[in-house]
Amino acid sequence: MTTPAQLAASFSAMSARRLLVFGGIALIATGLLFGDLFAVFVLHQNAGEQGAALVAAAQAVARQDVAAVNSAFQHLGSLLEGRGTKVDTHVHMLDAGYLALLLALVQPYVALGASTKKKLAAWFITGGVALPVGIFLIHYVGLAYSPFPVIGWASVLADLGGLVLIIVLVIEAVGVVRYLRAGRAALEPELPHDSTWTRRTLLSGGTLLVLVGFVGGAHYAAKDLYRHERMEPEILGAMLQDAANNGAAELNTHINNFGGLAGEKAVKLAAHAHFVEFGLLAMLLSFLQPYVMLSERWQRRWVVVLLAGSVILPVFVFLELQFGLIAGGIADFGGLLVLIALIGMLVGVLRYSGSLDSAGGAA
């Protein structure tokens with residue numbers, strides 16, 4: 001059983017672990033909030049504009065209006081870039097948060113000095129912020145004032161953020177290798193191994209979510225992946241051929257078919273990805289529960305809210321094809337539940353840190 005003194009020593013003030021835990025949870029919470037806002041205010045509207053741009057392009061082909069075709073596809077490219085950069089922002093912010101929490105877990109096995117590990121943690125969080133912010137700005141900044149012909153300043157910021165993350169991870173890996181070669185005990189107090197209800201529930205629930213995500217992904221790959229890859233060029237080819245030969249009579253049918261295919265691909269891939277991501281999040285958070293200074297009842301409530309949202313979001317994303325915006329709204333509510341639970345746990349970690357620092361100051 002871990003004593004309070006041992007637990008406090010494993011989460012000392014301004015340590016690399018504390019920076020990584022705070023920064024990781026904050027990155028994940030911000031990524032979830034951004035994803036929810038994107039889904040509500042951008043995603044569905046963007047899909048409608050993409051369909052309209054395809055119709056305009058096909059109609060321009062039917063009229064043999066080259067300038068209008070180029071204009072329509074430029075607009076479509078801009079829509080796709082805007083959507084893609086926002087999705088990438090959401091994903092990269094979440095992934096940087098997951099990596100930060102994972103690094104927090106392995107700090108006792110990194111054979112580097114305490115000050116070096118603290119600097120690496122600060123640089124990792126900095127890179128974890130710079131990468132998604134740079135990705136988000138790519139669509140809006142473009143090539144303005146850039147000395148490079150095809151790379152804008154936002155891309156440079158994103159690339160520098162990614163480079164910082166890679167360098168930190170390489171140095172941390174070198175520290176782990178040095179620790180393994182030395183064959184010595186952990187260099188700082190390890191995370192406690194207490195088996196509480198919250199830890200067991202998060203770990204088992206997270207494992208189950210990952211398993212469901214893997215099974216869903218395998219089912220999609222076996223049943224739908226190659227069919228979807230074959231259908232996409234077939235629909236686009238038929239759309240352009242009919243537009244060129246027969247006018248615009250069949251355009252709406254082709255557009256609806258293409259939109260339905262894109263929607264089916266998107267919801268199945270998103271459901272699979274969110275099951276796995278939330279499962280990993282629950283598993284990582286299970287190891288941090290001793291640092292959540294909340295009553296047992298509130299800890300259990302946040303765990304239940306987190307796991308409930310982790311199931312609701314991917315399930316109702318998958319159901320969007322059948323129930324439309326109603327399912328999408330419920331999925332967004334599931335994401336909000338995960339965000340609320342994560343913020344609740346972050347408050348608990350901050351309370352624990354504050355109590356440690358106050359006790360240390362009094363001592």
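Leu-37 is a good place to step into this predicted model: the residue sits in helix H2 and is partly exposed, with a relative accessible area of 43%. That value falls between the limits of 20% and 50%, so Leu-37 counts neither as buried nor as exposed. Follow the chain for 104 residues from Leu-37 and you come to Val-141, with the two C-alpha atoms separated by 21 Å.

Now step back to the whole chain. Its secondary structure comes to ten helices and zero strands, so the order of elements from the N terminus on is α-α-α-α-α-α-α-α-α-α. The C-alpha atoms fill a box of roughly 85 × 50 × 35 Å along the principal axes. Of the 363 residues, 43% count as buried. Look at the contacts between residues at least 6 apart in sequence, and 83% of them join residues at least 24 apart.

What lies inside? The largest nonpolar core has 59 residues, and Leu-281, Leu-285 and Leu-306 are those with the most contacts inside it. At least two residues each come from helices H2 (16-63), H3 (66-106), H4 (114-141), H5 (153-182), H6 (197-246), H7 (251-286), H8 (296-318) and H10 (325-362). H10 gives the largest share, ten residues. A second core, separate from this one, has twelve residues and includes Ala-53, Leu-76, Phe-258 and Leu-261. As background, nonpolar side chains in soluble globular proteins tend to be buried together.

Leu-306 lets you look at the main core from within. Setting aside residues up to four places away in sequence, Leu-306 touches Leu-202, Leu-281, Ala-282, Leu-285, Val-338, Ala-341 and Met-345. Two of the names in that list, Leu-281 and Leu-285, are also among the residues with the most contacts in the core.

Leu-306 is one of the buried residues of H8, along with Gln-299, Trp-302, Val-303, Leu-307, Gly-309, Ser-310, Leu-313, Pro-314 and Val-317. How far apart are the ends of H8? Its end C-alpha atoms are 34 Å apart, and since 23 residues at 1.5 Å a residue should span 33 Å, the two values agree.

H8 has a partner in H7: the axes of these helices come within 8 Å and cross at roughly 170 degrees. An angle over 145 degrees counts as roughly antiparallel, and H7 and H8 are therefore described that way. On the H7 side, the contact is made by Val-267, Lys-268, Ala-270, Ala-271, His-274, Phe-275, Phe-278, Leu-281, Ala-282 and Leu-285. H8 answers with Leu-306, Leu-307, Ser-310, Leu-313, Pro-314, Val-315, Val-317 and Phe-318. Sorted by class, the contact has 15 nonpolar, two polar and one charged residues.

His-274 deserves a pause here. This residue of helix H7 counts as buried because its relative accessibility is 17%, under the 20% limit. Apart from neighbours within four places in sequence, His-274 is in contact with His-90, Leu-313 and Pro-314.

Two glycines in a row invite a look at H10. Gly-328 lies in this helix, and so does Gly-329. Are they buried or exposed? At 4% relative accessibility, Gly-328 counts as buried, whereas Gly-329, at 36%, counts as partly exposed. From Gly-328 to Trp-123, 205 residues apart along the chain, the C-alpha separation is 37 Å. Gly-329 and Leu-33 are 296 residues apart in sequence, with 14 Å between their C-alpha atoms.

The loops round off the tour. Leu-191 is found between H5 and H6, and at 10% relative accessibility this loop residue counts as buried. Leaving aside neighbours within four places in sequence, Leu-191 is in contact with Arg-17, Leu-105, Phe-287 and Tyr-291. Its C-alpha atom is separated by 60 Å from that of Leu-240, 49 residues apart along the chain.

Tyr-145 belongs to the loop between H4 and H5. With a relative accessible area of 82%, Tyr-145 is exposed. What is its phi? The angle is positive, about 60 degrees, although Tyr-145 is not a glycine. Most residues other than glycine have a negative phi, so this is a good spot to inspect in the backbone.

Conventions: Residues are numbered from 1 along each chain as its sequence is written. This is a predicted model: local features need pLDDT of at least 70, side-chain atom pairs count only at pLDDT 80 or more; totals for chains, interfaces and linings use all residues. Side-chain values use heavy atoms; hydrogens and water are left out. A nonpolar core is a set of buried Ala, Val, Leu, Ile, Met, Phe, Trp, Tyr and Cys residues joined through side-chain atoms within 4.5 Å. Buried means under 20% relative accessible area, exposed over 50%, partly exposed in between (1.4 Å probe, protein chains only). Helices (H or I, at least four residues) and strands (E, at least two) are DSSP runs, numbered from the N terminus. Contact means heavy atoms within 4.5 Å. The expected span of a helix is 1.5 Å times one less than its number of residues. Axes are lines fitted to C-alpha atoms, for helices over the stretch in contact, and angles run from 0 to 180 degrees between N-to-C directions. Angles under 35 degrees count as roughly parallel, over 145 as roughly antiparallel, 65 to 115 as roughly perpendicular and the rest as oblique. Ala, Val, Leu, Ile, Met, Phe, Trp, Tyr, Cys and Pro count as nonpolar, Asp, Glu, Lys and Arg as charged, and the others, Gly among them, as polar.
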